[in-house]
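Trainee: I would like to learn how to read a model such as this one, feature by feature. Please show me the structure before we start.

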Amino acid sequence: MAILVCGGAGYIGSHTVAALLEKNEEVVIIDHLEKGHKEAVLGGKLYIGDLRDTEFLDKVFAENKIEAVIHFAAFSLVGESMEEPFKYYDNNVYGTLRLLEAMNKYHVKKIVFSSTAATYGEPKRVPIKEEEETIPTNPYGETKLAVEKILKWGEVAYGINYIVLRYFNVAGAHKSGKIGEDHSPETHLIPIILQVALGKREKIMIYGEDYPTKDGSCIRDYIHVMDLADAHILAVDKLRKGDRSATYNLGNGEGFSVKGVIEVARKVTGHAIPAEVAGRRPGDPAILIASSEKIITELGWNPKHASLEEIIASAWKWHQGHPDGYGK
Ligand code: UFG
């Protein structure tokens, strides 16, 4: 039986597909390629289409024996979601509802869902535990939280078991150097810093230095994309065992300020990486640091690439090999 990966041509999806293939899993992929890249899919059976298209979903579920779903397909930019919230609700919430209906129709009762630290908003306690209050500060986080709630009731009514994984800031690339992060437009801190190091941008803009942090810039918890991919495999195995649904944070438990990340990138790349302070970006919380104790204890998650140097070095390898990403 196959694992269906929705959004498997995207950044995190494609790395998880690679990890599943390395475990000899049978993989079916759905992606509408609006953000994803065909070239990022290293194997498995790719269907190009949209989760909001019920006929398309019917075809995928009818043609394959799906055991479980890993669902990455979503828009995920905090800033963009502030400007176009309806677009986020449509793709992230409406699309997921159609997927869950198809799962129910075809008796697929296991789903691993990509959620986010953005569900917490401005947390009262750091490191953030899963039982922290969820009050998102942006529509992106709000759409992910909405799906978490849908999953809760879907389990009650239809017995669909889920694992929700709330990611903190994902970065890095596969060790082969074949796949990595390529967004258009790029808005994420680490790839932008590396584009400056590559000479593709003049400087990095630091969005705000008046936050209540040590150096005034925002603090985030960075996690290697392959450690994240491993967590999805553990989550699928947990669902296979018939364990109860659960929600887990995924981060390294260490915070780096924007200025701190730039410093580490200067060391890793050997480039000066000019920086300039700009105003705050709307929707950005000041500090997001995970407690990942729960997934470590319950699922035996064991991050192998936790150091920011290693995360940035693997991303740097990808960027140097693919200065234009996957190309046009
Ligand atoms: N930043 C800059 N300059 C830039 C880009 C980013 O200063 O050019 C800052 C941002 O303001 C933020 C930090 O760097 O403080 C990280 O920004 P990213 O855009 O890389 O990531 P976000 O924290 O906004 O969001 C990411 C994912 C979300 C996820 C969130 C969880 O994009 O999907 O992490 O922590 F919800």
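Trainee: Which residue follows helix 5, and what is the sign of its phi?

Mentor: Two points of bookkeeping come before the answer. Residues are numbered from 1 along each chain as its sequence is written. This is a predicted model, in which local features need pLDDT of at least 70 and side-chain atom pairs count only at pLDDT 80 or more, while totals for chains, interfaces and linings use all residues. Helices (H or I, at least four residues) and strands (E, at least two) are DSSP runs, numbered from the N terminus. The residue that follows helix 5 is G159, and its phi is positive, near 70 degrees. Helix 8 is followed by G270, also with a positive phi, near 75 degrees.

Trainee: What span should the 20 residues of helix 5 have?

Mentor: The expected span of a helix is 1.5 Å times one less than its number of residues. For helix 5 this gives 28 Å, and the end C-alpha atoms are 27 Å apart, which agrees. For helix 8 (residues 258–269), with 12 residues, the expected span is 16 Å and the end C-alpha atoms are 16 Å apart, which agrees.

Trainee: Which residues of helix 8 are buried?

Mentor: A residue is buried if 20 or more other C-beta atoms lie within 10 Å of its own, exposed if 12 or fewer, and partly exposed in between, with C-beta atoms placed from the backbone. In helix 8 the buried residues are V258, V261, I262, A265 and V268. Seen down the axis of helix 8, these buried residues fall within an arc of 125 degrees (taken from the directions from the helix axis to the C-beta atoms), so they line one face of the helix. As a general idea, an α-helix has 3.6 residues a turn, so residues three or four places apart point the same way.

Trainee: What do the buried residues of helix 8 pack against?

Mentor: Two residues are in contact if their C-beta atoms, placed from the backbone, lie within 7 Å. The buried residues of helix 8 pack against helix 6 (189–197), strand 8 (204–207), strand 12 (256–257), strand 13 (275–278) and helix 10 (308–321). In helix 5, the buried residues include P139, Y140, L145, V147 and L151. Their cover includes helix 3, helix 4, strand 5 and strand 6 (161–167).

Trainee: Where do cis peptide bonds and positive phi values occur?

Mentor: The general expectation is that most residues other than glycine have a negative phi, and most peptide bonds are trans. Here a cis peptide bond joins V126 and P127, with omega about -5 degrees. P127 sits in the loop between strand 5 (110–116) and helix 5 (139–158). Another cis bond runs from S184 to P185, with omega near 0 degrees, and P185 is in the loop between strand 7 (169–171) and helix 6. As for phi, N24 has a positive value near 60 degrees and lies in the loop between helix 1 (11–22) and strand 2 (26–31). N24 counts as exposed, with 7 C-beta neighbours inside 10 Å. H107 also has a positive phi near 60 degrees, in the loop between helix 4 (85–105) and strand 5. H107 is exposed, with 11 other C-beta atoms within 10 Å.

Trainee: How is the protein chain divided into domains?

Mentor: Domain bounds come from an automatic or database domain assignment. The chain is divided into domain 1 (2–171 + 223–250) and domain 2 (189–220 + 253–321). Their centres, taken over C-alpha atoms, are separated by 24 Å. The contact takes 27 residues from domain 1 and 27 residues from domain 2. On the side of domain 1 that touches domain 2, the largest share, seven residues, comes from helix 7.

Trainee: Which residues come nearest to the ligand, and why does the ligand lie between the domains?

Mentor: A residue is near a molecule if its C-beta atom, placed from the backbone, lies within 6 Å of it. Of the 21 residues around the ligand, T116, A118, H188, Y207 and C218 come nearest. Helix 6 and strand 8 are the elements that give two or more residues to this shell, and strand 8 gives the most, with four residues. Domain 1 and domain 2 both give residues to the shell, so the ligand lies between them.
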